[in-house]
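Reader: I am new to this structure and would like to learn how to read the contact between two domains. Please take me through it.

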Amino acid sequence: MKNIYNNEKRLLHGGDYNPDQWLDYPDILKDDLRLMKLANVNTMTVGIFAWSALEPTEGNYNFEWLDKIIDDVYNQGGRVILATPSGARPAWLSEKYPEVLRTNDRREKMLHGGRHNHCFSSPIYREKTQKMNYKLAERYGNHPALIMWHVSNEYSGDCHCELCQENFRDWLKNKYKTIENVNKAWWGPFWSHTYTDWSQIESPSSIGENAVHGLNLDWKRFVTDQTIDFYENEAKPLRELTPNVPITTNFMADTDDLIPFQSLNYEKFSKHVDILSWDCYPAWHNDWETTKDLATKVGFINDLYRSLKQQPFLIMECTPSGVNWHNVNKAKRPGMHTLASMQLLAHGSDSVLYFQWRKSRGSSEKFHGAVVDHDNSEENRVFKEVSQVGEILDKIKEIKGSMKQSKVAIIYDWENDWALKDAQGFGKESRRYPQTLQSHYKYFWDKNISVDVVTPQQDLSKYSLVVAPMMYMMTEETMDRFRDYVKNGGVLVGSYLSGLVNETDLTYLGGWPKTLQEIYGIDVKEIDTLYPKDRNSIKFGNESFEVVDYCTIIEAKEAEVLAKYEEDFYKNTPAITKNNLEKGKAYFIGARTNQEFLSKFYDKIVKDLDINEVEDFISECGISIQIRENEDAKYYFVMNFTEEEKNIEIKGSYIDLILGKEAEILNIMKPYGVYVLKKNK
Ligand code: GAL
């Protein structure tokens, strides 16, 4: 990690600060500084949407207000993450240069308004953002408060204007070289969709082409590359003038289910940031799942974003209370903010940063949770809990930079997710690829076993167990890597809906790919898709387990059959298999099973692999234990994700970092209670 951030020994606590909304309220700005001290915050992210304040009219810059804010924060010991303001444009820019406005997939040009809606091809927008970033880097690059650049904000979306179409065609030319190759890759002759000239190719559209899956996939790949290219254009002045200041941009998750953000391939993007940061907004206390179940999803997504760079990450935004954009925006109950913050750290974050420091007075986010409410009071419940989190962060700051060491990996692949969602066939609602991964993850979370969530391109050799369900789109290279992993002693778990198409979404011919047959010791004959109310069951050991949605009809070759179907025309045929391949093993789960089955299934594997990271702890269900470690110590985050008191017994001697004393042997954990325990190595 680049020096300037390494020198900062504290865990970052603070968040988005938008003084540009309050320039007419000098008393408020003064009070912010007083309140920052009381809230125990140390890092402010400034300038995110401040373009209108920084360049009120074209070429007329005004940095004085920002100078003062940065100085003031620094003078009381704070640090600054400085954002480039390209997430929202000033009106003058859209008015004078309408090319910066986005065109939607129906080829309609958007009006000025909102944010995050620029054409990433626009030469003018690129020029203007880069110019602004030179100014910022020149002015603040050496400021001692600056610890990081926050480029733009939550990149997303696509533009379908003529400039973008041209760029897309160039991108395709570079990839496929000839139009014949495109036709082959996209299965052109189907419905007479053969192109004879590059100019005929258009981005997917709801009023035009949307059935060519290879095109849809390549468009998504292009959008990722185009977004990264735009980001790199923004980052250029920062890299040039401030090589020691790390660069990040804030990533996101999708939907209340907290599945990986769908419209950009973050695996690719992560290679372009020095430190990964993301914005985490779980719907705590919702009425459709338990706190524990939601906590599992939070764990999964954090483990994915940590594993992308295999280093600690930052939570760039979270809310100290409710948000304003869920269907129902419930306040965090007392204790939940502390618990939720500790969970982020437990999975590898080195920060708890908020959106936002002070609630806006007007416009769409005026009721979004913030550290400072409209009452401006340090007596406010939310403010007090933030301040308490700040105190805790100070007590446990030695965890900064420590990592998780996982023996288990679950594979997530963005491109596979895109392709599987796009596939016509199977069940429309039942694919649920990321959610299926979450249910496998749940087993390990419940057993307090650390998991890395990695992409197929990452190094698998360090894991004892790799879980890779629903790999619908699989390159031959991935199959080879999986085979090598198993041959070298790894244990692999695969499932139904795997190995059906290649990287341009063409199906494999001549049966299930030979490499997969070799790995799993089986051949896949058919995939049966069930109606939502259909049920089958499998016999595993002496027990029956219900299966739903998908049943693979399998012919076992070298593999041992661990379970068979109990119903339907494939009754008594293999459903779950195990294959020994050289030094390793490969399991195949042919049908969608319930959690109970997964639990039995993984219990055996985990026992065989002797994975037990929390031998010293006996804890009740609902308590999660996650470990971070460095050269000197292991840090155990023990968290109660239930609304009840829970018992926990601790063997051995541990230091309770929050209480600053030796941990008790027998403990009753309060609802939402948390311990951070240290054991020296
Ligand atoms: C984020 C965004 C912030 C703020 C926040 C509200 O997606 O980056 O600017 O809008 O959501 O939850």
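Reader: Which side chains meet in a salt bridge?

Author: The model is predicted. In it, the side chains of Arg628 and Asp350 form a salt bridge, at 2.7 Å from N to O. Across the interface of domain 1 and domain 3, the rule finds two salt bridges. Residue pairs in polar contact between domain 1 and domain 3 number 10.

Reader: Which elements give two or more residues to the side of domain 1 that touches domain 3?

Author: They are α11 (291-309), α12 (336-346) and α13 (381-395). Of these, α12 supplies the largest share, seven residues. Sorted by class, this side of domain 1 has 12 nonpolar, eight polar and five charged residues.

Reader: Where do the domains lie along the chain?

Author: The domain assignment gives domain 1 as 4-157 + 243-399, domain 2 as 408-609 and domain 3 as 617-680. To their contact, domain 1 brings 25 residues and domain 3 brings 18 residues. The centres of domain 1 and domain 3, taken over C-alpha atoms, are 30 Å apart.

Reader: How is the size of an interface often given?

Author: Often as the accessible area that is lost when the parts come together. Here, domain 1 and domain 3 bury about 1800 Å² between them, and 68% of that is on carbon and sulfur atoms.

Reader: Which residues in domain 1 lose the most area to domain 3?

Author: Leu339, Ala346 and Glu398 do, and together they account for 32% of what the domain 1 side buries.

Methods. Residues are numbered from 1 along each chain as its sequence is written. This is a predicted model: local features need pLDDT of at least 70, side-chain atom pairs count only at pLDDT 80 or more; totals for chains, interfaces and linings use all residues. Side-chain values use heavy atoms; hydrogens and water are left out. Domain bounds come from an automatic or database domain assignment. Contact means heavy atoms within 4.5 Å. Buried area is the accessible area (1.4 Å probe) that two parts lose on being put together, summed over both. A salt bridge is a side-chain nitrogen of Lys or Arg within 4 Å of a carboxyl oxygen of Asp or Glu. A polar contact is a pair of N or O atoms within 3.5 Å; within protein, one must be able to donate a hydrogen and the other to accept it, and residues adjacent in sequence count only if both atoms are side-chain atoms. Helices (H or I, at least four residues) and strands (E, at least two) are DSSP runs, numbered from the N terminus. Ala, Val, Leu, Ile, Met, Phe, Trp, Tyr, Cys and Pro count as nonpolar, Asp, Glu, Lys and Arg as charged, and the others, Gly among them, as polar.
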